[in-house]
Amino acid sequence: MAKSYLSAVIEAPAEQVWRVVRDFNGLPTWHPAIETSEIEGGGVADAVGCVRRLTLADGGVVRERLMVLDDIERSYTYDFLESPFPVRSYRSTIRIASITGTEHSFVEWYSHYDAEAADEESLDETFAHGVYRTGLNGLSEYLGR
């Protein structure tokens with residue numbers, strides 16, 4: 001199983017970063033590659049099991065199910081139900097930790113996925129640098145840092 005990983009330091013307290021990231025339907029507010037998001041069936045965005053439908057800037061559609069939401073660990077985990085990416089399975093987690101003695105946060109975003117071996121290098125580039133780096137840069141900008 002392949003893994004993609006990216007981390008970043010964001011110059012904002014972990015509680016502030018978590019308030020923004022925690023909204024499972026709020027990705028378009030801080031991720032520049034996401035045009036729209038809606039929770040299917042009109043449910044609440046913090047209900048484990050809810051499904052968000054994302055429309056990407058290039059018109060692609062990704063449907064993701066919220067699997068875990070942990071306010072103590074400031075993390076959530078989701079699975080792909082549908083995506084334009086050639087993966088058989090995909091599970092991703094985003095987690096925010098305080099950096100002790102500072103007003104900064106350490107943010108990790110990673111995934112484990114099953115794909116053809118020939119696709120893994122390009123998928124890692126897409127997920128780690130295309131999706132996660134773009135997203136965390138957008139998050140930092142959104143928070144005004």
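## The β6–β7 hairpin

In this predicted model, β6 and β7 make a hairpin with six residues between them. Gly101 sits in that turn and has a positive phi of about 80 degrees. The two strands run antiparallel and are joined by eleven bridges.

A couple of the facing residues are worth picking out. Arg95 has Glu108 of β7 standing opposite. Ser89 is also partnered across to β7, with Asp114 on the other end of the bridge.

## Other strand pairings

On its other flank in the sheet order, β6 meets β5. Here the link is another hairpin, with four residues making the connection. β5 and β6 run antiparallel and share five bridges, and Thr77 faces Thr93 in β6.

β7 has a second partner too: β1 pairs with β7 through nine bridges, again antiparallel. Within that pairing, Ala8 stands opposite Val107. Over at β2 and β3, five bridges hold an antiparallel pair, with Glu38 across from Arg53 in β3.

## The sheet as a whole

Put the pairings together and you get an open sheet of seven strands, ordered β1-β7-β6-β5-β4-β3-β2, with antiparallel pairing. The edges belong to β1 (residues 2–10) and β2 (34–39); each has a single partner strand, so one side of each has no neighbour in the sheet. Ignoring direction, neighbouring strands are turned against each other by 20 degrees on average.

As a reminder of what holds such an arrangement together, strands of a sheet pair through backbone hydrogen bonds, either parallel or antiparallel.

## Helices against the sheet

Helix α1, residues 14–21, packs on the sheet and touches five of its strands: β1, β4, β5, β6 (87–98) and β7 (105–115). The direction of α1 makes about 145 degrees with that of β6.

α3 (117–142) lies across β1, β5, β6 and β7. Relative to β1, α3 runs at about 20 degrees. Contacts with β1, β5, β6 and β7 therefore turn up for α1 as well as for α3.

## The largest pocket

How much space lies in the largest pocket? About 270 Å³. Its lining comes from 20 residues, and those nearest the centre are Ala33, Ile34, Leu56, Phe85 and Val131. By class, the lining has 15 nonpolar residues, three polar and two charged.

Which elements supply at least two residues each to the lining? They are β3 (51–56), β4 (61–70), β5 (75–82) and α3. Of the contributors, α3 gives the most, with four residues.

## Overall fold and dimensions

Stepping back, the chain has three helices and seven strands. Reading from the N terminus, the elements go β-α-α-β-β-β-β-β-β-α. The radius of gyration is 15 Å, close to the 15 Å that the globule rule gives for 145 residues, so the chain is as compact as a globular protein of that length. Along the principal axes, the C-alpha trace spans about 45 × 35 × 25 Å.

Technical notes. Residues are numbered from 1 along each chain as its sequence is written. This is a predicted model: local features need pLDDT of at least 70, side-chain atom pairs count only at pLDDT 80 or more; totals for chains, interfaces and linings use all residues. Side-chain values use heavy atoms; hydrogens and water are left out. On a 1 Å grid over the protein atoms alone, a cavity is a set of points where a 1.4 Å probe fits but cannot get out, and a pocket is an open set with protein on both sides within 12 Å along at least five of seven lines; lining residues have an atom within 4 Å of a point. Grid points are joined across faces, edges and corners, and a volume is the space filled by probe spheres set on the points. Ala, Val, Leu, Ile, Met, Phe, Trp, Tyr, Cys and Pro count as nonpolar, Asp, Glu, Lys and Arg as charged, and the others, Gly among them, as polar. Two strands pair if DSSP finds at least two bridges between them. Axes are lines fitted to C-alpha atoms, for helices over the stretch in contact, and angles run from 0 to 180 degrees between N-to-C directions. Contact means heavy atoms within 4.5 Å. The radius of gyration is taken over C-alpha atoms; the globule rule is 2.2 Å times the number of residues to the power 0.38.
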